[in-house]
Amino acid sequence: MANHKSSLKRIRQASVRRLHNRYYGRSTRNQIKRFRMLTDKDEAKAMLPKVSSMIDKLARERIIHKNKAANLKSKLARQLNRMIAA
């Protein structure tokens, strides 16, 4: 257990931030899964900017690494392009 007031505060802050990060990380992953299951091209076109924005926010807040964000966005864009080409 912590011995200092500042340590106790740090523990409280960390737990609040952890919950916040888990919520946004999970909700973004759910949106990515929904996007990957789409078969309608128009719906996917409308959803891609929203999902990309969510991924960018996670990278900006350092919940995920910026390279992971770039890889995710690239894969989603490639999937959309394949849907359009088919």
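**Three helices and a salt bridge**

Student: Let's start with D56. Is it buried, partly exposed or exposed?
Tutor: D56 has 33% relative accessibility, so it counts as partly exposed. Keep in mind that this is a predicted model.

Student: What does the D56 side chain meet?
Tutor: It meets the side chain of K73 in a salt bridge, at 2.8 Å from N to O. The two residues sit in distant parts of the chain, 17 residues apart. K73 is in helix α3, and D56 is in helix α2.

Student: Why can such side chains pair?
Tutor: Side chains of opposite charge can do so when their charged atoms come close.

Student: And K73, buried or partly exposed?
Tutor: Partly exposed, because its relative accessibility is 27%.

Student: How many salt bridges in total?
Tutor: The count is 1.

Student: Switching to α1. Which residues does it cover?
Tutor: Helix α1 runs over residues 5-37.

Student: How does its span compare with what 1.5 Å a residue predicts?
Tutor: The two agree. With 33 residues, α1 should span 48 Å, and its end C-alpha atoms are 48 Å apart.

Student: Which α1 residues are buried?
Tutor: G25, T28, I32 and F35.

Student: What do they pack against?
Tutor: The buried residues of α1 pack against α2, residues 41-60, and α3, residues 66-85.

Student: So what about the core? How many residues are in the largest nonpolar one?
Tutor: It has 16 residues. Those with the most contacts inside it are I32, F35, A44, V51, I55, I64 and L76. Each of α1, α2 and α3 supplies at least two residues of this core.

Student: Which helix gives the largest share?
Tutor: α2, with 7 residues.

Student: Take L76. What is it in contact with, leaving aside neighbours within four places in sequence?
Tutor: I32, F35, R36, L48, V51 and I55.

Student: And L72, where is that?
Tutor: L72 is in helix α3. It counts as buried, because its relative accessibility is 16%.

Student: What are its contacts, with the neighbours within four places set aside?
Tutor: L72 is in contact with I32, R36, I55 and I64.

Student: How far is L72 from N21, by C-alpha atoms?
Tutor: They are separated by 18 Å, and they lie 51 residues apart along the chain.

Student: Q79 next. Is it buried or exposed?
Tutor: Buried, because its relative accessibility is 18% and the cut-off for buried is under 20%. Q79 lies in helix α3. Leaving aside neighbours within four places in sequence, Q79 is in contact with F35 and R36.

Student: Now the loop between α2 and α3. Which residue there should I look at?
Tutor: R62 lies in that loop. Its phi is near 60°, a positive value in a residue other than glycine.

Student: Why remark on that sign?
Tutor: Because most residues other than glycine have a negative phi.

Student: Is R62 buried or exposed?
Tutor: Exposed, because its relative accessibility is 77%.

Student: Last topic, the surface. Which residues form a nonpolar patch?
Tutor: M1, L8 and I11 do, with about 350 Å² of accessible area together.

Student: Where does L8 lie?
Tutor: In helix α1. L8 counts as partly exposed, because its relative accessibility is 32%.

How values were computed:
Residues are numbered from 1 along each chain as its sequence is written. This is a predicted model: local features need pLDDT of at least 70, side-chain atom pairs count only at pLDDT 80 or more; totals for chains, interfaces and linings use all residues. Side-chain values use heavy atoms; hydrogens and water are left out. Patches are made of residues with over 30% relative accessible area and no salt bridge: like charges are joined within 9 Å, nonpolar side chains (Val, Leu, Ile, Met, Phe, Trp, Tyr) within 5 Å. Accessible areas come from the Shrake-Rupley method with a 1.4 Å probe; for residues, only the protein chains shown count as cover. A salt bridge is a side-chain nitrogen of Lys or Arg within 4 Å of a carboxyl oxygen of Asp or Glu. Helices (H or I, at least four residues) and strands (E, at least two) are DSSP runs, numbered from the N terminus. Buried means under 20% relative accessible area, exposed over 50%, partly exposed in between (1.4 Å probe, protein chains only). The expected span of a helix is 1.5 Å times one less than its number of residues. Contact means heavy atoms within 4.5 Å. A nonpolar core is a set of buried Ala, Val, Leu, Ile, Met, Phe, Trp, Tyr and Cys residues joined through side-chain atoms within 4.5 Å.
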